[in-house]
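Please look through the sequence and the model shown below before reading on. The paragraphs that follow start at a pocket and then move outward to the rest of the fold.

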Amino acid sequence: FFNNPHLWGWAGSDADYQKWVRSQKSCVSGKQDWIEDLGEGRCEYAHVRRVAAGSGTAIKPEYFGVPLTHSEHALQHQLGELGLLQHFAKNVFTPSEAAAWFEKKAVECRTAWIKARLYAHFGAESLKEVPPSDFVAWAKEAGLYLALPAVFKG
């Protein structure tokens with residue numbers, strides 16, 4: 001359900017998503033850069049570029065990125081994903097394992113953003129608090145009914 005691009009569009013634009021990601025802590029170190037002018041911590045939006053996600057030469061996929069500090073983002077560009085993770089002693093040993101790690105983090109990040117948007121929409125702290133009938137009504141209104149898991153469709 002959370003991997004449906006129509007749901008991503010309901011939650012907001014790619015620019016909205018990137019703004020939210022920048023407010024999160026780094027997926028690698030759990031840190032943020034302090035931005036004096038803003039008086040708060042921030043990360044950079046680091047695209048996780050995969051052809052399967054719509055990436056290509058000079059094309060970056062929408063809704064597919066993670067938060068990294070400035071120095072981590074620079075290392076990602078210099079050393080690649082594997083090099084960045086090895087620099088921070090993450091338990092990753094091959095380029096494909098590093099790619100899978102970043103892909104998983106990108107999906108987790110996007111899912112967290114969508115859940116935050118849904119919580120705000122329903123005024124709830126968890127989707128478990130939302131009556132299934134309300135969730136189904138929302139999905140129908142948002143054009144997402146067909147994307148619902150079978151448990152909601154009775």
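**From the pocket to the cores**

Strand β3 (44-47) and helix α3 (70-87) each contribute at least two residues to the lining of the largest pocket. Since this is a predicted model, what follows describes computed geometry. Helix α3 gives the largest share of that lining, namely five residues, while the lining as a whole consists of ten residues, with His47, Arg49, His73, Gln76 and His77 lying nearest the centre of the pocket. Sorted by character, the lining residues comprise one nonpolar, five polar and four charged, and the space in this largest pocket amounts to about 180 Å³.

The pocket belongs to a protein chain with six helices and four strands, whose elements follow the order α-α-β-β-β-β-α-α-α-α from the N terminus on. The C-alpha trace of the chain spans about 50 × 35 × 30 Å along its principal axes. Of the 154 residues in the chain, 37% are buried, and among contacts between residues at least 6 apart in sequence, 53% join residues at least 24 apart.

Where do the buried nonpolar residues gather? In soluble globular proteins, nonpolar side chains tend to be buried together. Here the largest nonpolar core holds 19 residues, of which Tyr17, Trp113, Ile114, Phe135 and Trp138 touch the most other members. Helices α1, α2 (14-22), α4 and α5 (132-141) each supply at least two residues of this core. A second, separate core has 16 residues, including Val48, Phe64, Val66 and Trp101. Returning to Trp138, and leaving out residues up to four places away in sequence, one finds that Trp138 touches Phe1, Leu7, Trp10, Leu118, His121, Phe122 and Leu144.

Leu144 is also one of the partners of a residue close to the start of the numbering: Asn4, again without counting residues up to four places away in sequence, touches Leu144 and Ala147. Asn4 is found in the segment that comes before α1 (5-11), and Asn4 counts as buried because its relative accessibility is 18%, which falls under the 20% limit. The same reasoning applies to Thr111, which sits in helix α4 (residues 95-122) and is buried because its relative accessible area is 16%. The C-alpha atom of Thr111 is separated by 12 Å from that of Val66, a residue 45 positions apart from Thr111 along the chain.

Two loop residues complete the tour. Is Ser26, in the loop between α2 and β1 (33-35), buried or exposed? With a relative accessible area of 5%, Ser26 is buried, and, leaving aside neighbours within four places in sequence, Ser26 is in contact with Lys31, Cys43, Pro67, Leu68, Thr69 and Glu72. A polar atom of the Ser26 side chain also lies 3.1 Å from the backbone nitrogen of Ser29. The other loop residue, Tyr63, is placed between β3 and β4 (65-68); Tyr63 counts as buried because its relative accessibility is 8%. Although Tyr63 is not a glycine, its phi is positive, at about 55°.

Technical notes. Residues are numbered from 1 along each chain as its sequence is written. This is a predicted model: local features need pLDDT of at least 70, side-chain atom pairs count only at pLDDT 80 or more; totals for chains, interfaces and linings use all residues. Side-chain values use heavy atoms; hydrogens and water are left out. Buried means under 20% relative accessible area, exposed over 50%, partly exposed in between (1.4 Å probe, protein chains only). Contact means heavy atoms within 4.5 Å. On a 1 Å grid over the protein atoms alone, a cavity is a set of points where a 1.4 Å probe fits but cannot get out, and a pocket is an open set with protein on both sides within 12 Å along at least five of seven lines; lining residues have an atom within 4 Å of a point. Grid points are joined across faces, edges and corners, and a volume is the space filled by probe spheres set on the points. Ala, Val, Leu, Ile, Met, Phe, Trp, Tyr, Cys and Pro count as nonpolar, Asp, Glu, Lys and Arg as charged, and the others, Gly among them, as polar. A nonpolar core is a set of buried Ala, Val, Leu, Ile, Met, Phe, Trp, Tyr and Cys residues joined through side-chain atoms within 4.5 Å. A polar contact is a pair of N or O atoms within 3.5 Å; within protein, one must be able to donate a hydrogen and the other to accept it, and residues adjacent in sequence count only if both atoms are side-chain atoms.
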